[in-house]
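Subject: Handing over a structure

Hello,

I am passing a structure on to you, together with some notes to help you find your way around it. Please open it first and then read on.

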Amino acid sequence: MTQYIPPLADFEFLLFDVFNVDEEWISESIPVDRELANSVLHECGRVARDVMAPLSSTADREGASWDDGNVSAPQGFKEAFEVLTQGGWLGTAGNPEFGGQGMPKTLTTALEEMFWGSNTNLWLYAALTSGATYCIDAHASEELKARFLPAMYEGRWTGAMALTESHAGTDLGMLRTKAEHIEGNSYKITGTKIFITSGEHDLAENIVHLVLARIDGAPQGTRGISLFLVPKYLVDEQGAIGERNGFASGSIEHKMGIRGSATSVINYDDAQGYLIGEPNAGLRCMFTMMNYARVSVGVQGLGLGERAYQMAAAYAKERIQGRAPTGPVNAQGAADPIIEHPDVRRMLLTQRALTEGSRAFAVFTAVELDRTQRTDPEVSERSSRYVELLTPVVKAFISDRAMESTLLAQQCFGGHGYIVESGIEQVVRDARISQIYEGTNGIQAIDLLGRKVLQDGGQTLRSLIADLRQEALDPRYMTQVSDVLDLWSDVSEWLGSQARSDRSLAGSAAVDYLNLAGYALYAWLWARMSLFDDGTRGKSNLAQFYFDQLLPRAEYHAKVIKNGSNAVTAPDSDWF
Ligand SMILES: Cc1cc2nc3c(=O)[nH]c(=O)nc-3n(C[C@H](O)[C@H](O)[C@H](O)COP(=O)(O)OP(=O)(O)OC[C@H]3O[C@@H](n4cnc5c(N)ncnc54)[C@H](O)[C@@H]3O)c2cc1C
């Protein structure tokens with residue numbers, strides 16, 4: 001398998017040329033400058049390439065294992081995880097008051113991409129920790145923060161998110177896990193959660209679960225759900241580890257992909273938990289973690305899309321089959337490299353235009369995430385609304401495009417791509433989950449259209465589109481960008497006018513709507529990247545490819561939406 005190459009030059013281009021983030025860092029007194037950021041990026045790239053990537057395929061073959069409640073990560077993960085904790089890589093974005101490094105999201109998003117891309121299986125043991133620490137930092141008491149955050153930022157303790165139950169996945173309002181009040185903010189938690197990523201493993205001293213449960217007598221549905229911090233080992237006020245808490249892994253799942261990541265059934269039996277936030281406000285608090293995780297899952301897809309492209313491009317240069325349509329380019333050889341065939345080039349360019357577009361989109365969203373912390377309330381409030389609007393698009397559009405890219409990469413390998421030794425089939429299997437967990441992509445689309453656009457009367461969207469129109473773009477693409485932004489606005493207005501009389505319209509149109517939004521945003525991003533291309537990066541070629549070959553998909557999605565919901569709602573459920 002080819003070596004993983006960290007896409008450092010592209011990060012630098014996006015951060016410092018396209019989005020000028022270092023100017024914002026200076027003006028907001030964020031203690032990171034260009035030089036420090038570059039050295040962090042390079043060191044992270046080294047760890048990703050030399051420590052993490054070499055363990056990816058062995059971890060997939062071996063998988064995580066379960067023995068009487070004890071869960072072991074694949075071989076080599078302990079040592080590699082030690083490198084991650086020693087390097088402080090789990091606390092990069094954390095609150096400095098409790099030992100975090102306070103790096104901006106624009107930088108940590110790039111770091112995460114490299115970790116996901118080089119070894120998704122290993123990074124899954126770390127990634128939930130960042131989400132859990134965000135949630136604890138935002139909603140827990142000062143006492144709980146001081147007790148749990150420092151060890152989590154160090155990576156000595158990791159995090160897990162326990163929402164799902166066998167009968168309550170998308171519909172968390174149906175969850176049954178119980179919380180019985182003991183005293184103060186202490187509760188006893190009892191119930192069974194399924195599909196808990198890194199809920200049990202042997203890489204850390206302690207595992208901090210954030211668990212959704214229902215306090216005795218709480219209302220039914222989502223308004224009766226509270227959030228609890230439930231550690232595997234109890235922790236005293238000085239932060240020292242004590243006795244084992246009352247929960248254990250009942251089994252782990254055997255999965256299509258991410259086989260090195262342990263996904264547990266967790267049985268809580270009178271486990272000691274501490275309330276986070278107000279009683280019955282748990283879902284709102286958990287959204288801090290879920291929104292973080294949703295952006296991160298998009299970036300997971302992006303990392304794997306990049307990895308797949310690198311493998312496919314290398315293969316296409318070395319595999320020889322047939323002759324180029326314009327005459328032999330390898331006249332001495334028996335055949336030409338397959339990269340000479342226009343269809344193979346189409347596949348590679350599609351992957352690259354989507355992957356680099358996704359990277360730009362992830363950084364664009366990270367810029368807004370950082371702005372939510374600005375001191376100017378007008379800026380932070382506007383950016384918070386943009387982040388709310390964009391989060392489902394980041395999660396679903398990036399992971400859907402990543403799936404498309406990894407499949408195209410596999411296609412470049414022909415039959416060899418179907419064979420395990422090629423390595424590419426693992427990337428396809430590992431990428432697939434990003435479309436499913438953290439809320440399926442269908443649910444993301446409904447969230448975007450239903451909650452973020454229609455419920456808000458389209459105000460945030462109008463403001464975002466108006467802001468996008470103010471920015472400098474490559475003049476060659478101004479008209480196309482303006483047209484697709486008009487199309488996105490028109491379709492949104494049309495949906496707003498029709499959705500009240502056709503109650504199935506939003507649900508049937510949502511996925512096409514999210515795709516239309518994604519292709520419109522990528523058009524803006526490609527025109528912006530093309531503006532800053534100095535001719536050495538190939539961004540202008542890729543921009544042309546995007547506008548010629550991929551942007552027309554936006555028209556298709558708009559047309560499907562305007563065809564309405566009849567074809568979807570017509571058949572009776574019994575007909576299926
Ligand atoms: C490998 C793996 C790791 C996971 N890790 C975690 C974890 O760490 N913590 C955790 O809590 N959970 C975790 N999950 C659970 C994951 O988030 C859920 O599987 C996912 O949210 C979907 O829930 P479900 O499987 O119950 O599907 P369902 O909710 O049963 O959905 C089935 C289908 O119906 C659709 N659907 C459902 N409701 C609606 C609706 N209202 N409108 C339109 N369509 C709808 C869905 O989009 C989907 O296509 C993990 C799952 C897997 C497979």
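How much area does the protein expose, and what share of it do carbon and sulfur atoms supply? The exposed area comes to about 23600 Å², and carbon and sulfur atoms supply 49% of it. Accessible areas here come from the Shrake-Rupley method with a 1.4 Å probe, and for residues only the protein chains shown count as cover.

Before the details, a word on how to read this. This is a predicted model, in which local features need pLDDT of at least 70 and side-chain atom pairs count only at pLDDT 80 or more, while totals for chains, interfaces and linings use all residues. Residues are numbered from 1 along each chain as its sequence is written, and side-chain values use heavy atoms, with hydrogens and water left out.

**The overall picture**

The protein has 19 helices and 11 strands; these are DSSP runs numbered from the N terminus, helices being H or I with at least four residues and strands E with at least two. Along the principal axes, its C-alpha atoms fill a box of roughly 80 × 60 × 60 Å. The radius of gyration is 24 Å, which agrees with the value near 25 Å for a compact globule of 576 residues. That radius is taken over C-alpha atoms, and the globule rule is 2.2 Å times the number of residues to the power 0.38.

Buried residues make up 58% of the 576, where buried means under 20% relative accessible area, exposed over 50%, and partly exposed in between (1.4 Å probe, protein chains only). Among the contacts with a separation of 6 or more, 74% are between residues 24 or more positions apart; contact means heavy atoms within 4.5 Å.

**Around the ligand**

There are 20 residues around the ligand, and Met161, Thr164, Thr170, Phe195 and Thr440 come nearest. A residue is near a molecule or strand if one of its heavy atoms lies within 4 Å of it. The shell divides into 11 nonpolar, seven polar and two charged residues. In this count, Ala, Val, Leu, Ile, Met, Phe, Trp, Tyr, Cys and Pro are nonpolar, Asp, Glu, Lys and Arg are charged, and the others, Gly among them, are polar.

Strand E3 (157-162), strand E5 (186-197) and helix H13 (441-454) each supply at least two residues of this shell, and E5 gives the largest share, three residues.

Which atoms pair up with the ligand's nitrogen and oxygen atoms? A nitrogen atom of the ligand is 2.7 Å from an N or O atom in the side chain of Thr164. A ligand nitrogen is also 2.8 Å from a polar backbone atom of Phe195, and a ligand oxygen is 2.9 Å from a polar backbone atom of Leu163. Taken alone the ligand exposes 970 Å², of which the protein buries 62%.

**Some residues to visit**

Gly303 is in helix H9 (residues 282-318) and counts as buried, because its relative accessibility is 0%. Its C-alpha is 5.3 Å from that of Trp116, although the two are 187 residues apart in sequence. Not counting residues up to four places away in sequence, Gly303 touches Glu113 and Gly117.

Asp474 sits in the loop between helix H14 (459-470) and helix H15 (478-498), and it is buried at 5% relative accessibility. Its side chain makes polar contacts with the side chains of Arg476, at 2.7 Å, and Ser530, at 2.6 Å. A polar contact is a pair of N or O atoms within 3.5 Å; within protein, one must be able to donate a hydrogen and the other to accept it, and residues adjacent in sequence count only if both atoms are side-chain atoms.

Arg429, in helix H12 (residues 424-432), is buried as well, with a relative accessible area of 12%. Leaving aside neighbours within four places in sequence, Arg429 is in contact with Asp60, Met256, Gly257 and Arg259.

Finally, what is the sign of phi at Asn280, which is not a glycine? Phi is positive there, about 70°. Asn280 lies in the loop between strand E11 (263-276) and H9, and is partly exposed at 30% relative accessibility.

Enjoy exploring,
A colleague
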